[in-house]
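Biologist: I'd like a close look at just one part of this molecule: its inside. Please take it slowly, as I'm new to this.

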Amino acid sequence: MLALIAGGGNLPSELVARLSDRPVICALEGFGPDTLDVDLPFRLETLGTLLAALSERGVTQICMAGSVGRPAVDPARIDAATMPLVPILQQALVSGDDGALRAVIGIFEQAGLDVLAAHELAPDLLPQVGVLTEASPSESDEKDADRGVGIVRAMAAADIGQACVVLRGQALAIEGVYGTNWMLQSLTQRPDAGGGVMIKLPKPGQDRRVDLPTIGPDTVTAAVAAGLSGLVIEKGGVMVLDRDAVVAECNRLGLFLWVRERAS
């Protein structure tokens with residue numbers, strides 16, 4: 001049996017819609033999905049109790065999908081089942097995003113659960129390589145994409161984000177803690193005539209079972225408002241939600257969507 005640790009955003013509901021059997025829906029209080037009924041809400045202070053509840057339900061696999069933040073922890077609310085996990089959780093809370101996720105994955109695996117990626121359950125969330133739209137990147141767009149890959153990799157070394165916007169070799173914006181759409185919104189009052197591409201890809205070395213980046217129709221809307229000419233994502237590294245709507249909206253608005261081969 002599968003359990004879905006569901007966060008915010010559209011990925012959890014889209015994933016559930018693609019599964020033949022409904023999973024057990026779990027959600028961290030304050031970060032759960034708006035569109036799914038949650039079976040097992042939990043707090044970080046009660047993670048051990050959640051693991052016991054999953055075992056009682058016969059859960060053997062979990063998938064973590066959707067965005068979550070770092071919750072405030074009340075030491076007084078840590079229950080007995082979670083107490084043995086406290087040293088791991090303490091280290092996770094002071095680690096970067098990748099380190100924190102690895103710690104959480106380790107906790108689930110130590111409990112005997114297989115951790116599956118969303119794209120393992122729904123492989124078509126990862127589009128094949130190529131330009132998916134009527135518009136295509138120009139030669140300068142391709143050069144900006146190369147530049148963007150280097151920028152995102154440099155960001156990864158500092159565990160900052162997974163996307164940036166580049167125009168004529170210059171970084172116009174980089175993704176931070178507030179996410180991709182906030183980054184794009186910061187460009188809506190840019191002083192130039194527009195242009196540029198957004199490049200999005202996973203961090204080198206990250207565990208691709210969790211926190212794989214996504215784009216969706218909202219990304220296209222935000223990219224147009226930011227004055228961009230296209231979106232560039234890495235094959236096998238970025239999930240596209242509601243792909244038909246994304247491609248249709250790109251075509252309607254004249255953006256290109258390019259799925260690049262993974263850079264070496």
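**Starting from one leucine**

Modeller: Let's start with L54, which touches A3, C26, L40, V59, I62 and L113, leaving out residues up to four places away in sequence; touching, or contact, means heavy atoms within 4.5 Å. Bear in mind that this is a predicted model, where local features need pLDDT of at least 70 and side-chain atom pairs count only at pLDDT 80 or more, while totals for chains, interfaces and linings use all residues. Numbering runs from 1 along each chain as its sequence is written, and side-chain values use heavy atoms, without hydrogens or water.

L54 is part of something bigger: with C26, L47, I62, M64 and F108, L54 is among the residues with the most contacts inside the largest nonpolar core, which has 24 residues. A core here is a set of buried (under 20% relative accessible area, 1.4 Å probe, protein chains only) Ala, Val, Leu, Ile, Met, Phe, Trp, Tyr and Cys residues joined through side-chain atoms within 4.5 Å. Two or more residues each come from the elements β1 (2-6), β2 (24-28), β3 (40-42), α2 (47-56), β4 (61-65) and α4 (97-110). Those are DSSP runs, with helices (H or I) of at least four residues and strands (E) of at least two, numbered from the N terminus. Helix α2 gives the largest share, 5 residues.

There's also a second, separate core of 22 residues, including V220, V240, V246 and C250. In soluble globular proteins, nonpolar side chains tend to be buried together.

For contrast, try E142, sitting in helix α6 (residues 139-157). E142 has 36% relative accessibility, so it counts as partly exposed (between the buried limit and 50%, over which a residue is exposed). Beyond residues up to four places away in sequence, E142 touches P137, W258 and R260.
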